[in-house]
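Hi,

Here is the structure I promised to pass on. Have a look at it first, and my notes on what turned up follow just below.

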Amino acid sequence: MFDTGVIFADMNPTDFSLAPSAACGAAGHSRRTVLFGLGGALCALGMGARPALAANTSAPDASLTALLDGLAAALTADAGHAAQQQALRTAAAQLGGIRPEKLSSDGRVLLAAVRDGIETEAALLSGAGQAGSYALALRLNAGPGLSPHEAHQWGQARVRALQAEADRILRAQGLTSGTVAERLRAFMRDPRHLYPNTEVGRRRAVEAMNAQLAATRERLGQAFRNLSPANLSVSTLPPEQATKATIGKRIDPSADGTRPGGYVVDLREIERRPAWTLPSVVHHELAPGHLLQAPFGERAHAHPVQQRYAKGYSEGWAIYAEQLAAEQGWLGDDPLARLGYIHWMLFRTGRLVADTGIHALGWSAQQAIDAVREIQGEPVAFITIEEDVSRMVANPGAAAGQMLAAACLSRLRDDAQARLGARFTLAGFHEAVLRHGPLSNPGLEAAVKNWIETASA
């Protein structure tokens, strides 16, 4: 059985005894603020992508694709909220008339991937009940499941488990005084684990990341198939040439291998990049994270409406990829690399806690800042806690949705293994959740259900 304790072990709504949902926090957000925070929910969808379903599919599949094509056109049109809302409500009603059993397996995945999102966005646009706006925003980002209060409690439980493991590692390093956050902050500044702020130091950091990448790529066959042949690599730019637009940047590889992929790591403040924080950066950004997933997305030609409701998928996959690498032993026996993984998970789980705290528990921005600082100590990402919290205020549910998407992947994997037993393969599971392109959590559930049924036959 996989170790999902860090991600999902106790994520079961029935385990919680909670008070009724409170009003949307942070003094209550107006409908305009919530809609803006959804990242431009009414922005253009980009109709250039071809639908995932082939042109010669069955009539029910073709009807579903045509319905979604019409919705995409309506949402990209220059129309007001009322027209957008009506288009969503009409589409939701039409989807209700499609019988899933008449669709192909891919059609059932597409239907599941969009149906709840369409209904949720229609409800959000209606503006009915401002107290429920955040619950809808979270649902739009993470799908149905946990309420905001349940998600917050789950996040707090995960933080406690992560900090307990971090405490054991830090104690073994001789750091016994202070909170976990305080000791993480101190350990990040330990010069023994810092690269020199020189050209040589930056070259050594990049070499170490490429070595981790090479070691990981050799093991990918244990967990994946149908991988892109594209080469991946880590690079950086001299500080005098680097800008926010050129560093911390992914270059997606092509599915056919003709375009290599890479990650331009930000080493301008290399004194904030302890060596033990970098292996999980490799796993998140490159393989098995974003740049492993990107060619699958390219091959899928996912429908734009499908992509619209897969808000947490990309980051959720990359967070899950960090966990997968740790579980599979790809960090080696280095306890400090494990500490780096835990620190990154504290950052990501802390964002869920802060997001739900602000919007469901009525936290002020300062309360969220203080909570995140007590969770992770020194920021492991190159963004200040204050900036990150500002993003959460403006974009309700996004940060929480990413972590919940990762948790969904973990839960689905463990459920599939329990159901299939000896017939379960990690490579088969990963192909099921990658081959359709970006999916909402309901879409992931449908994809895994299809795979289980096929594998069980």
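The largest cavity holds about 110 Å³ of space. Please bear in mind that this is a predicted model. In total, the structure has 2 cavities of 30 Å³ or more, and I'll take them in turn before moving on to a pair of helices.

If you want to find the largest cavity on screen, centre your view on L140, G143, Y309, S440 and N441, the residues nearest its centre among the 21 that line it. Which helices should you colour to see its walls? At least two lining residues come from each of α4 (105-126), α5 (133-142), α16 and α18 (441-456). Of these, α4 gives the most to the lining of the largest cavity, namely 5 residues. Sorted by class, that lining comprises 11 nonpolar, 7 polar and 3 charged residues.

The second largest cavity has a volume of about 40 Å³. Its lining is made up of F347, R351, V372, Q376, P379, I383, T384, I385, D388, V389 and M392. Two or more of the lining residues come from each of α13 (335-360), α14 (365-376) and α15 (385-394). Here α15 gives the most, with 4 residues. As for chemical character, 7 residues of this second lining are nonpolar, 2 are polar and 2 are charged.

Now for the helix pair. α16 supplies residues to the lining of the largest cavity, and this helix, spanning residues 398-420, also packs against α12, which covers residues 313-327. How are two packed helices described? By the angle between their axes and the distance between the axes. For α12 and α16, the angle is about 50 degrees and the axes lie 7 Å apart. α12 is therefore oblique to α16. The crossing of α12 past α16 is right-handed.

In case you'd like to display the side chains, these are the residues that make the contact:

- from α12: E315, G316, W317, I319, Y320, Q323, L324 and E327
- from α16: Q402, M403, A405, A406, L409, S410 and R413

Taken by class, the residues of this contact are 8 nonpolar, 4 polar and 3 charged.

That's everything I have for now. Just write back if you'd like to go through any of it together.

Best wishes

Methods
Residues are numbered from 1 along each chain as its sequence is written. This is a predicted model: local features need pLDDT of at least 70, side-chain atom pairs count only at pLDDT 80 or more; totals for chains, interfaces and linings use all residues. Side-chain values use heavy atoms; hydrogens and water are left out. Axes are lines fitted to C-alpha atoms, for helices over the stretch in contact, and angles run from 0 to 180 degrees between N-to-C directions. Angles under 35 degrees count as roughly parallel, over 145 as roughly antiparallel, 65 to 115 as roughly perpendicular and the rest as oblique. A crossing is left-handed if the near helix is turned anticlockwise from the far one by less than a right angle, and right-handed if clockwise. Contact means heavy atoms within 4.5 Å. Ala, Val, Leu, Ile, Met, Phe, Trp, Tyr, Cys and Pro count as nonpolar, Asp, Glu, Lys and Arg as charged, and the others, Gly among them, as polar. On a 1 Å grid over the protein atoms alone, a cavity is a set of points where a 1.4 Å probe fits but cannot get out, and a pocket is an open set with protein on both sides within 12 Å along at least five of seven lines; lining residues have an atom within 4 Å of a point. Grid points are joined across faces, edges and corners, and a volume is the space filled by probe spheres set on the points.
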